[in-house]
Amino acid sequence: MSTNHRRFSYNQAPLPVKISLPFTLVFCVFWMAGVVLVGQYFSWQLDNDRREQTAELKNLVERELERDLEGLRRSARLLANDELVVQGAANVDKPLLQQEILPSKAILDMDAIIVTDRDLNFLMDTRTLPYQDLDIQTQTAAELMKGGAGISTVVVSEDDKPPVMIGTAPIKDESGLAGGVILGSVLSGDRLQQINASIDEQLVVLADHHVVASTFPSDIPDTVYADINDFDWEEQGDLQRLVTLQDQSYLAQAIVLEGLGDEHFEVILLTSLAPLNKAKRALWLLISIPGIASALLLAGVGYWLAKRIARPIQEITEVALNVVKDDNFDLQAPVKSQDEIGALATSLNQLITWVGEYTDALEESAQTLETRVNERTQELSQALEKLQETQSQLIQTEKMSSLGQMVAGIAHEINNPISFIQGNIKPLDGYLTDLVELLETYQEEYPNPTEAVLDKREEVEVEFLVEDTTKILNSMKMGTQRVRDIIVSLRNFSRLDESAIKDVDLCEGLDSTLLILNHRIKSGVKIIKSYDELPLVRCSPAQINQVFTNIIVNALDAMFEADVELKQLEITTRTVSPDHVQVCIQDSGPGMPPEVKSKIFDPFFTTKPVGKGTGLGLGICFKIIQQHQGTIEVHSEPGKGTEFVITLPMFLDSNILDTVVSDGKVSLEKTSDHQPEKTSAQAA
């Protein structure tokens, strides 16, 4: 990762940043928390003010509606007390009523003026044109006037029509009740607009959960009022509720108007929250800008103060770094104060002086020691290289000798009892055949045996006994033959009973090695053999078998440790020239990266955990193949498996390789005049 994109590290930050950053962060956290709390408080205060304002507007609308109802009742009473109206109602004089009331209609601004006689018959009905067919329950109102008292209430008109506020007053003369006056004013959108002129908010009238009048435009679909229609405003009382109309938020509160009987109507006051939201945004902006500016100012002041405090320390640090970088022990840190920083600078100057003196003395001593150290190092390197080579050779020789002796001893010990068993199976088979024939003869000669013989015959199940004994003998023959094959493979693998160097079949050595490792191969490993017909190769078969064993064991370990899905080992033999043969062993393991591939033939190098590998196996393989005047190469890529390619000559050059046999151990020695060429893997 480049320096420009390196993550910020507090430990590597400049000293002024280390000093100022914690205090700045703590202040910013508390400052921003305070800003948030203040903003939340004032936002809550704005919400509370809006709710209180909505409640005040609701009271104002409620008083306005009450004044309208009271005005209707008073106007009705004035008309009912007019002498001409009383005379017209008592005498059922309709022209007189019209002459007296019609001039007052424009002044009263009523949508309906109705006069009845004492029998509740209509004498005059001045409903305006839009409301001529409006049913305002005049008959019910007239019935209430029989008691002689006036009322003011709200009555339903028709479906989907706004309610009507009415005021009534009885007309009385000397004889008693002469009739009645009913004044009606429709609670329509126009009337709501008049009320809205003083409060500048929206009003909606509901009748049976349906909007019948509002201050909104008349072309608004009824679905827009879903939040208002579906709510039971009568049970809510004075509670306020948030509703949304045409993507605008409103705070809604209901004014319940009780009508005749069980009728009731709701006038919904909708207070827009747009000014509130705008005020909140302005509030947060007003609080945030000074808060951020204050935090930045504090950070700048804190950094400036920290920089002034850290400047002397940085000067001392710079002197120390220059001393280390340039090896200049004449540099001195400036002492500008008598505080702890001044004491630190004085101590550093003294330390620089002492180090300079000690360095001069060490350089003088090093000049005399350097030559001796180089000479001794060269001698030790040569000795170590020779020791490692000798050690790996001794380990390999001792390992092969011990393994061969052990394998040969085990094969010899197993061979004796197996030979005894195998040699006696054939006579035992003949004896069993004779006994069976004798038994059959007895059955033929004595077809009616005694009861005891029949019971015993049934108990031992003679027919099954004869059949199963034959199967057991056949199984014993197969088992002993299998054991003898294993013994032969063990003897071929160890080859201690043969000469050290001889002409051998490499395919036979590979098969013997696979047989020895059969217990591991059975664990889900697929073996693919691709053998060409090879000529006999002159070599040390025990050592070549050791090479095969090390490579195959490493391949199995790699596949099992990586737990690859396909565990496959492919072994190929072929003749590559008139005097050279080649053995290729390829696995489907995880492969090797280049840095591991370049070291696998180094002695004591291993990728296995401690206790599971010494790092000598492949190093010994390389040594053995090199002594046989052959080459061993490795081809591997991560994720694509590994392939070892072994190339051997069919005939050993006796002038280069001498065979020395001592105490049953084979030692291959190279002459100093001829050195086999290194493979690409060793060179890497």
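Two strands count as paired if DSSP finds at least two bridges between them. The model discussed here is predicted.

Me: In what order do the five strands form the open sheet, and which are the edge strands?
Reply: The pairing in this sheet is antiparallel. Strand S2 (122-125) and strand S3 (152-155) each pair on one side only, as edge strands. From one strand to the next, the twist averages 25°. The order is S2-S1-S5-S4-S3.

Me: How many bridges join strand S4 to strand S5?
Reply: S4 covers residues 164-173 and S5 residues 176-186, and the two run antiparallel. Within this pairing, Val-164 stands opposite Val-186 in S5. The number of bridges joining S4 to S5 is ten.

Me: Where do the buried residues of helix H2 fall, seen down its axis?
Reply: The buried residues of H2 (residues 83-90) are Val-85, Val-86, Gly-88 and Ala-89. Seen down the axis of H2, they fall within an arc of 165°, so they line one face of the helix.

Me: Which residue caps the N-terminal end of H2?
Reply: A side-chain oxygen of the capping residue lies 3.0 Å from the backbone nitrogen of Leu-84. That residue is Asp-82.

Me: At what angle to S4 does H2 run?
Reply: H2 lies across strand S1 (112-117), S2, S4 and S5. Its angle to S4 is about 80°.

Me: Why is the pair of Tyr-41 and Phe-42 edge-to-face or stacked?
Reply: Planes over 60 degrees apart count as edge-to-face. The ring centres of Tyr-41 and Phe-42 are 5.4 Å apart and their planes stand at 75°, so the pair is edge-to-face.

Notes: Residues numbered from 1 in each chain as written. Predicted model: local features only at pLDDT ≥ 70, side-chain atom pairs only at ≥ 80, totals over all residues. Heavy atoms only, no water. Buried < 20%, exposed > 50% of the residue type's maximum accessible area, 1.4 Å probe, protein only. Helix = DSSP H or I, 4+ residues; strand = E, 2+ residues; numbered from the N terminus. Arc of directions from axis to C-beta. Polar contact = N/O pair within 3.5 Å; in protein donor to acceptor, adjacent residues only side chain to side chain. Phe/Tyr/Trp six-rings, centres within 6.5 Å; stacked < 30°, edge-to-face > 60°. Axes fitted to C-alpha atoms, helices over the stretch in contact; angles between N-to-C directions. Contact = heavy atoms within 4.5 Å.
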